[in-house]
Amino acid sequence: MLIKSYASGFEPSYFLAYLRYMVLEHYISELLYRYNCVMVPELGAFLAQHKSAVLAQGSNTFYPPTKEISFNAQVRSNDGLLVSYISEAENITYEEALAQVSQTVKNWKTCLEVGNKLELATIGELWFNAHHKLQFQPYGKTNYLTSSFGLSSVVSSPVTRELLKEEVETLEEKIPFVFTPEKRAASSFRPYLKYAAIFLLAVSTGLTAFRFYKEKVNQQQLATEQVQDAVSKRIQEATFFDTAPMELPTLSLDVLSTPKKESGRVHHIVAGAFRFKKNAEKKMRQLKRRGYHSTYIGTNPHGLHMVTYDSYTDTDEALNALRSIKRTQSREAWLLSTK
C-alpha cells in the first residue's frame with residue numbers, strides 16, 4: 001500500500017491520492033520497459049541501467065541480463081514523456097494529464113513528509129532519511145529488459161570432485177603412472193621406469209623443438225618469397241604518367257625500331273615506362289605537342305612500354321639534352337643507349 005501506517009487511519013484526501021498513485025505507478029512501470037529514463041515532474045527521475053548476466057558464486061545461480069532501477073531526486077524537470085503517455089492512454093488533454101500528475105506528486109510529498117513510505121509495486125520504495133534526503137530502494141523482482149523476456153534464473157549443480165577422482169583412478173589401472181596422492185605414496189616404482197619416462201619426455205621435447213625450428217624456417221622462406229613477389233609486382237605496375245616515376249638502370253636491349261639509321265650507338269632520353277601501351281602513346285603525343293621528337297622504342301625486360309623525349313647519335317649532344325630536360329621538364333628522365 002501507499003501508506004504503511006497512520007495513527008488515525010486513511011483520510012479521504014490520502015485515499016484519492018492512493019487511487020491516483022496506483023494509476024501513475026502503472027504508467028511509470030510501462031515506460032521503464034521502453035525507456036531508460038522516466039521523469040516524474042517535481043519529484044525526480046527513475047533510471048534504468050543495463051546489467052549483464054551474472055553468476056552468484058554462493059548459490060551457483062545464473063541470472064539473465066536485466067535493467068537496474070535507480071532514482072535521482074535532482075532531476076525534477078518535465079520532459080513531457082510521462083504526461084504525454086498518460087494523456088494518450090487516458091484520452092485527455094495534455095494540460096489535464098499534467099494537472100493530475102502534479103496533484104499526485106503533491107500528495108506523495110505530503111505522505112513522505114509525515115514519515116511514511118511510498119511503495120511503488122514492481123518498482124521500489126521511496127522515503128526520507130534522517131537528513132531529509134529522498135531515498136529509493138528497488139524491488140528487483142521485475143525485469144524491465146525486453147530482450148530478456150521469459151528468461152529466469154538457473155541454478156547449476158556443483159561439480160562433484162569425487163567422480164573426477166574415480167575416473168583418474170580407473171585410468172591409473174591401465175597405465176604405469178600414478179596421479180592421485182594416496183596411491184603415489186603407497187606405490188613403489190622401479191627406478192628404470194622413472195628413467196624411461198624421463199627419456200621419453202626428452203625425446204618428445206627434442207622432436208617438438210625440431211618441428212618448431214623447421215616451421216620457423218619455412219615461415220621465413222615464405223616471407224622472403226612474398227617480399228620478392230611484391231617487389232616484382234610493384235616494378236611491373238610502375239607508371240611515370242600520373243605518379244612519381246621509378247628510375248630504372250641503363251640497359252642495353254634490341255629495340256623494335258630506331259628513329260635514326262646511323263651506325264653505332266643511339267642514345268635515347270627516356271621520358272617514362274608504362275604498363276599499358278595506351279598510356280605510352282598518350283605521353284608521346286604530349287611530348288610532340290611540346291616540340292620534342294618523341295618516339296616509342298618498345299618494351300623493356302619487365303614488359304613496360306618505353307617513350308623517349310628524343311634520340312641522339314652524339315654522346316655529348318645527348319648528355320647536354322638530358323641535363324636540359326632534367327632542369328626544365330622532369331628530373332626523372334634518364335639515358336638509354338642501344339646499338
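Phe71 is buried in this predicted model. Its relative accessibility is 15%, and the cut-off for burial is under 20%, so Phe71 qualifies. Phe136 is buried too, with a relative accessible area of 15%.

| Residue | Relative accessible area | State |
|---|---|---|
| Phe71 | 15% | buried |
| Phe136 | 15% | buried |

**Aromatic contacts**

The whole structure holds six aromatic pairs. One of them joins Phe71 and Phe136. Their ring centres lie 6.1 Å apart. The planes meet at 40°, and the pair is tilted. Why does this pair tie together parts that are 65 residues apart in sequence? Phe71 belongs to strand β5 (residues 66–72), while Phe136 belongs to strand β8, so the contact bridges that separation. Phe46 joins in as well: ring pairs link Phe46, Phe71 and Phe136 into a cluster.

**The β7–β8 hairpin**

Strand β8 covers residues 134–138. Its partner is strand β7, residues 124–128. The two run antiparallel and are joined by five bridges. Across the pairing, Leu126 stands opposite Phe136. Phe136 therefore faces Leu126 in the strand pairing and also takes part in the ring cluster with Phe46 and Phe71.

What lies between the strands of the hairpin? Five residues separate β7 from β8. His132 sits in that turn, with a positive phi of about 60°.

**A charge over a ring**

Trp127 has a contact with a lysine. The charged end of Lys117 sits over the Trp127 ring, 4.6 Å from the ring centre.

Terms used: Residues numbered from 1 in each chain as written. Predicted model: local features only at pLDDT ≥ 70, side-chain atom pairs only at ≥ 80, totals over all residues. Heavy atoms only, no water. Pairing = 2+ DSSP bridges. Helix = DSSP H or I, 4+ residues; strand = E, 2+ residues; numbered from the N terminus. Phe/Tyr/Trp six-rings, centres within 6.5 Å; stacked < 30°, edge-to-face > 60°. Buried < 20%, exposed > 50% of the residue type's maximum accessible area, 1.4 Å probe, protein only. Lys NZ or Arg CZ within 6 Å of the ring centre and 35° of its normal.
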